[in-house]
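Student: I am new to this structure and would like a close look at one part of it. Could you walk me through it slowly?

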Amino acid sequence: MKVFGYVRVSTSEQAANGDSLETQKAKITGYCMMNGWELSEIFVEAGVSGSVPLADRPQGRRLLAVVGKGDMVITPKLDRMFRSASDALGTLEELKAQGTGLVMIDLGGDVTGNGISKLVFTILSAVAENERERIRERIREVKRHLASQGIYGGGKVPYGYTVEDGRLVENPVQQASLREMKDARARGESLRKIGETHGLQAMTVKRILDRTIDRE
């Protein structure tokens, strides 16, 4: 088994000072001594933001390239290696799949090979999904705002519109059809019946009407 350490500081000032890096190195060295492990190398990521995915950092990329089955990676804290839950979850799954251990000292040990791992993966999965939902919602809000301004924001063109010179322009035929669908729905007609009248699938009618409500 080869043992590798990973430390990181986020600003050039911290990197130049070195205190934070030295503290992190000392924690890793002490952990190895307690477990009787020989430390092969510590990868030092100086002046790199934690928001950058591990695989996109110079030393992070080099670390992932050298570790293999049976090896162990040690970092003093979760936030030294990851800030994005989705990056953490993806990297942990890859390491676990190839048989590489990952010790996060602040979490109590190897998060890929003991009882901690299930809790860590569950928490990170939930946080990662929350992050993705927030991103999706921000995108939806931007598109709704652009649509309200008559600007095409990309993606599927809303029913009832066409795109001309980067702007949404009402399609008279589809707008008339849309009004008829809304009136029919207000009268209590089924989605299936509305779809048959306009040559559309029931689920397509539902999506069209739902998107219309969102934009309103």
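Student: In which loop is the place of Thr112?

Tutor: Happy to help! This is a predicted model, where local features need pLDDT of at least 70, side-chain atom pairs count only at pLDDT 80 or more, and totals for chains, interfaces and linings use all residues. Residues are numbered from 1 along each chain as its sequence is written, and side-chain values use heavy atoms, with hydrogens and water left out.

Thr112 sits in the loop between strand 5 (109–110) and helix 6 (115–148). Helices (H or I, at least four residues) and strands (E, at least two) are DSSP runs, numbered from the N terminus. Thr112 has a relative accessible area of 10%, so it is buried. Buried means under 20% relative accessible area, exposed over 50%, and partly exposed in between, using a 1.4 Å probe and protein chains only. The side chain of Thr112 also makes a polar contact of 2.8 Å with that of Asp110. Such a contact is a pair of N or O atoms within 3.5 Å; within protein, one must be able to donate a hydrogen and the other to accept it, and residues adjacent in sequence count only if both atoms are side-chain atoms.

Now follow the chain into helix 6, where Ile123 is found. Ile123 has a relative accessible area of 46%, so Ile123 counts as partly exposed. Thr112, by contrast, is buried at 10%.
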